[in-house]
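User: I'd like to learn how to read a structure like this one, feature by feature. Could you walk me through it?

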Amino acid sequence: MEHERGRYTKDRRRRRRALKTGEAAGGGRKARMMGWALFIPAVVLLLIIVIVKMDIAENSVSRAMASKAMALALADRETCLSSQREHGSHFKGGDQENWYAKYMDYLLEEGYLETEEEADSDFAVGALTYGEAAYAAEQVKPGLSDALNISRKKYGKPIPKEEWQLFYESFLAEADPEGKVTQESLFLYGTPENVSGASPWTAYTSRGVMGFEGESLDAYIDHEITVLCRGSEIIRLTEDVSDQVTYRNVWLVPDGAGRMKLYIGTIAREFPLPDGLAQEDGALADVSLEKGEIKKLSLKNDTVEGKVLAVREDSIEIEGYGTLKLDADFKVYKTYGVVREQRKSQIVVGYDLGKFVVADQKICAALLTKSFSAKNIRVLIMNTGFSSIFHEEIALRSECGMRLTYHGKEETVEAGASLILKADDARLKEGRLRIEPLDPQKEITVAGISRRQGAPSYFGSFEVMREPEGLLLLNELDIEDYLTRVVPSEMLTSFELEALKAQAVCARTYAYRQIQANYYSQYGAHVDDSTNYQVYNDEKASERTDRAVKETEGKLVFYGGEPVETFYFSTSCGYSTDGTIWGAAPEDVPYLKGFFLNSGRKAAGVPGNEEFSEFIRGQGSRNYDSDYPLYRWKTTVTSAMIEEKAPEIGRLQAIMVTERGIGGIAKAVKLIGSEGEKTLKGQTPIRSTLGSRELVYTRNDASTMTDWASLPSAFIDVDETARDEETGIRTFTIWGGGYGHGVGMSQNGAQQMAKEGEDYEAILTFFFDGVEVKEVEG
């Protein structure tokens, strides 16, 4: 051993001496040449491996992108998000927040994708294999993987993009039989690349704002492209059609320094001001771009102005101009203050708030130049019984006489004489007929309908239009005059003045929002006169309600600078509920919260069935509604009555409240039958299905009432209390409380507060959280 070690040491010393004296120079060159001969092939081999890997990566599809495509074939983006929120994520740490996590989580949760370990970003960005594609295909439909035509050798290999895209067509046909995934052609005019402050993965397109998670679209700005998408989420770009685009009817504003802003869709883009273009305040134009540069700009300067009488799907009716068709690329722009594109619904009927740009006898754009301030309201008058907005015949008269105006003509109806209008009246042939009293301080009576007060009379003017379903009768009047007929129709005139004032402000704020909502814009109206909105002119005005309206003139309820949804109802069960009962997100209506309605104003929670049962069957702590008859009520309903409305369940065996909301309101009720189950979701189906005009209700003061089509409220507890063994009919007792939907202001609660000395502002700020009462600006 020592001999061997000694020989090794001597050889090493000899090599060192040789290197020092040059004795080994020739041998060193040979060694170096041999080293290079081995090194060069190794480098080449390494480069080949890298190139092959890059080519594989370039030619494959990542699990993340494939998962998004497969998930969106099966469900929409929101469903994937909801699934992740409900079941949690398979990813660890910060990877849960990556764009692909929700799609892969959905596939993993539903069994379309598998992983042996906790998923991570390496797993997500790795290439999808033939085997994984085949596995997902088999979950959709047995035998679907045959479309891949794979052998065992290929099972673990990445599937090339071209093969994946061909296979995805087969996958899509089976996973999305309803065709939710569509191919769309669109213009792309913005991404976070050129839009400051844009959210990640946001594409601004001619189809609206879309998402493009995982895709790369920045290079296609100002291109016409074709994409595969589900709803507003782009799955992938399928074709770059052209780098030449024309944005039609865009609003441009020169900045006075040789540049201009183009308002394209919901964003503003800056471009150099073309030579020869005047430095104007703003103009409408068609703008053509090629490779992102303006090649042609065509201004549109012709405008018309007037009060908007109706906004329909493909046209707008303007006073003095009649009905004008809309251009295919019709736009609406707010041109004062912060300039932005608006929706067509922002064009408020009954008002003249701007002008309309016209070209080729079509309206290209509406330019809103003035802010909205509610002065008048347009109300559709329904027939007797409030069953329809359409009339077979309309009869009008006025003690002062009436003036009729129609397609450029005028005629007069004498004082006291009746005007009878039917669908075949020649005066309705070419549009609307306007009717106004000869004395603007007088009223017009509608003799053909009946209200609680009898034949109602109205301030303001009328318009009559002929529609295929019948005649429409529209009353236009000052909003304060309107309120003098709403307040007595919605609240007893004998109530305390401060309660009536609170009602007046609620009604005014509600009307203000409904005018802006424009629900009946196709007919040129804002609301109808029924409980669909606010009951109008069912009862005559009184001195007290007139005073309540006058002493609160112009006052609205605001939250954060905007008028709120001032919902109101008759009576509470002691608790109010929040705005989520109609599907609103709590953050969208933060002022609509549930409270226990006494001076303590304790926030309401969501009680369990046992806790709520104890509360609703008793009286609870004293509150503002405790003394009113409908604070508590009880009735019985038979299984036979409910089976008539839900025959698909067979013989009714049980009724269960399966979900409650804030304050205890029933949000879901399950009907269990011999042949199936049915869940009633929302208070309207619950109240109408469990209610019947045959039911007799015993109220809190021991009085009874009947002939109500629906339950008074959805604050209920239900128990089976009897069964006829011979017929099998079950009897269910319903214990309930309150009358109405339970959101916002309790009218009887407001009355009690007023009796106890609270003024109308204190009442409103009690029922609507965090609000202030003030006059509307403008």
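User: Let's start with charges. Which side chain meets E436 in a salt bridge?

Analyst: The general idea first: side chains of opposite charge can pair when their charged atoms come close. One thing to keep in mind throughout is that this is a predicted model. Here the partner of E436 is R403, with 3.7 Å from N to O. The two sit in separate strands, E436 in β24 (residues 433–437) and R403 in β21 (residues 402–406), and the pair links distant parts of the chain, 33 residues apart.

User: Are E436 and R403 buried or exposed?

Analyst: Neither label fits. E436 counts as partly exposed because its relative accessibility is 24%. R403 has a relative accessible area of 28%, so that residue is partly exposed too.

User: How many salt bridges does the model have?

Analyst: The count comes to 52. Another of them joins D769 and R601, at 3.1 Å from N to O. D769 lies in the loop between α16 (760–767) and β42 (772–775), and R601 in the loop between β32 (568–569) and α12 (609–616), so this pair ties together parts that are 168 residues apart in sequence. R601 is partly exposed, given its relative accessible area of 22%. Some bridges also share partners, and that joins K307, R312, E317, R378, R403, R432, R434, E436, E463 and E476 into one network.

User: What about R269: which residue does it form a salt bridge with?

Analyst: With D222, and the closest N and O atoms are 2.7 Å apart. R269 belongs to strand β8 (residues 267–272), while D222 is in the loop between β3 (208–211) and β4 (223–230); the pair links distant parts of the chain, 47 residues apart. The cut-off for buried is under 20% relative accessible area. R269 has 10% relative accessibility, so it counts as buried. D222, at 3%, is therefore buried as well.

User: On to the nonpolar side. Which residues touch the most other members of the largest nonpolar core?

Analyst: In soluble globular proteins, nonpolar side chains tend to be buried together. In this model the largest such core has 97 residues, and I435, Y482, M745, L764 and F767 touch the most other members. Helix α10 (residues 497–517) gives the largest share of this core, twelve residues. Take F767 as a close-up: leaving aside neighbours within four places in sequence, F767 is in contact with Y591, L597, G744, M745, S746, G749, A750 and M753. Apart from the largest core lies another one, of 43 residues, including A64, M70, A73 and Y103.

User: How do I read a sheet? In what order do the strands of the four-stranded open sheet come?

Analyst: Strands of a sheet pair through backbone hydrogen bonds, either parallel or antiparallel. Here the order is β23-β20-β25-β26, and the pairing is antiparallel. The edges are β23 and β26 (457–458), each pairing on one side only. Zooming in, β20 (residues 393–397) is joined to β23 by five bridges. Within that pairing, A395 has I420 of β23 as its bridge partner.

User: Which residues is D425 in contact with, setting aside its neighbours within four places in sequence?

Analyst: I420 and R466. D425 is in the loop between β23 (418–422) and β24. It counts as buried because its relative accessibility is 12%.

User: Any odd backbone angles? What is the phi of W201?

Analyst: About 60 degrees, a positive value although W201 is not a glycine. W201 lies in the loop between β1 (181–190) and β2 (202–205), and at 30% relative accessibility it counts as partly exposed. F386 also has a positive phi, about 55 degrees, and is not a glycine either. F386 is found in the loop between β18 (376–380) and β19 (390–391), and its 26% relative accessibility makes it partly exposed.

User: Last one, the empty space. What volume does the largest pocket have?

Analyst: Rolling a probe the size of a water molecule over the atoms shows where empty space is left. The largest pocket comes out at about 1,900 Å³. It is lined by 47 residues, and E490, T531, V535, S570 and Y739 are the closest to its centre. Elements that each supply at least two lining residues include α9 (479–490), β32 and α15 (747–755). Helix α14 gives the most, with four residues.

Notes: Residues numbered from 1 in each chain as written. Predicted model: local features only at pLDDT ≥ 70, side-chain atom pairs only at ≥ 80, totals over all residues. Heavy atoms only, no water. Buried < 20%, exposed > 50% of the residue type's maximum accessible area, 1.4 Å probe, protein only. Salt bridge = Lys/Arg side-chain N within 4 Å of Asp/Glu carboxyl O. Core = buried A, V, L, I, M, F, W, Y, C linked by side-chain atoms within 4.5 Å. Contact = heavy atoms within 4.5 Å. Pairing = 2+ DSSP bridges. 1 Å grid on protein atoms, 1.4 Å probe; cavity = no way out; pocket = protein on both sides within 12 Å on 5 of 7 lines; lining within 4 Å. Points joined across faces, edges and corners; volume = space filled by probe spheres on them.
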